[in-house]
Amino acid sequence: CDVFWNNEILHTLRLKKLGLLDVYLAPNADAFPENYRSPTGQWYGLAARARVLIVNTDLVDRASFPNSIHDLTDPKWKGQVGIAKPLFGTTATHAAVLFSTWGDERATEFFHALRQNAEVMSGNKQVATAVGRGQLAFGITDTDDAIIEIDNGLPVEIVFPDQAEGELGSLFIPNTLCLIKGSANTKRLIDYLLAPEVEARLAAGSSAQFPINPHVTTRSRVLPDQAVRWMTVDFEAAAERWDQAAEILREIFVAVD
């Protein structure tokens, strides 16, 4: 592998920590927000997916719609909400971000409450499918999994959580590009993939990803009419917290296959 295109930023940053990434100062990356690219040129984020709530509209009255990740821990929804096991995939990244943002005590309390309240499933796709089929009232998943249920005509809606003043905002997790140490001369591929037209194509495609480069005007069809507030994230700090967070999460979710 020379250029590594990864949709799990947490693991890209673990590769960096292991000293496996080379430095490349991509000339067209300056437009990208600073927290979505390495300050030392070791990785670049593009084309994000969002962590969202998917809600079955046949089971949840609009007046009772969830609007926060904290609704997943509300006892009135016990056994009716879903989450993927938070030791893998974007759910693990989300967990690492929460541990980094909230600290161990608050994050541990949240995941204990979540474990007691939610159905823990093998992946985000399974959460979205269960909500679409009416097996769950709502759950947390990624936009690329949620939009499939909408495209299939199932009675679901997407909610971007924690949009009120003082709340976290919605977590957007980017794809990442990095150059593996000792690789061939493939820097032109990184330049191409960071070009605005690539993010525009990913936004217009079936997975409806979200451009990070502000010069890209193509909107993801998942976006609602109103503005969505992105959570402010230090991904490097989240990656540093992952090993300790994973140890705590394994204890909480140990009985989940």
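Here are a few notes on this predicted model, covering a helix pair, a buried helix and a loop phenylalanine.

1. Start with H4 (residues 124-132) and H5 (residues 143-151): their axes sit 9 Å apart, and the helices pack at an angle of about 30°. Since angles under 35 degrees count as roughly parallel, that makes H4 roughly parallel to H5. The crossing of H4 past H5 is right-handed.

2. As for who touches whom in that pair, H4 brings Asn124, Lys125, Ala128, Thr129 and Gly132, while H5 supplies Asp145, Ala146, Ile148 and Glu149. Sorted by class, the H4 contact with H5 is an even mix: 3 nonpolar, 3 polar and 3 charged residues.

3. On to H2 (residues 89-102). Its 14 residues, at 1.5 Å each, should span 20 Å, and the end C-alpha atoms are indeed 20 Å apart, so the two agree. Right after H2 comes Gly103, with a positive phi near 95°.

4. H2 is also largely enclosed by the rest of the structure, because 11 of its 14 residues are buried. Among the buried ones in H2 are His94, Val97, Leu98, Phe99 and Trp102, along with Thr90, Thr91 and Thr93.

5. Have a look at Phe160 too, in the loop between strand S7 (156-159) and strand S8 (172-180). Phe160 has a relative accessible area of 9%, under the 20% cut-off, so it counts as buried. Leaving out residues up to four places away in sequence, Phe160 touches Ala50, Val52, Thr143, Ser170, Phe172, Phe210, Val222, Pro224 and Val228. Ala118, 42 residues from Phe160 in sequence, lies 19 Å from it, C-alpha to C-alpha.

Notes: Residues numbered from 1 in each chain as written. Predicted model: local features only at pLDDT ≥ 70, side-chain atom pairs only at ≥ 80, totals over all residues. Heavy atoms only, no water. Axes fitted to C-alpha atoms, helices over the stretch in contact; angles between N-to-C directions. Helix = DSSP H or I, 4+ residues; strand = E, 2+ residues; numbered from the N terminus. Parallel < 35°, antiparallel > 145°, perpendicular 65-115°, else oblique. Left-handed = near helix turned anticlockwise from the far one by under 90°. Contact = heavy atoms within 4.5 Å. Nonpolar A, V, L, I, M, F, W, Y, C, P; charged D, E, K, R; others polar. Expected span 1.5 Å × (residues − 1). Buried < 20%, exposed > 50% of the residue type's maximum accessible area, 1.4 Å probe, protein only.
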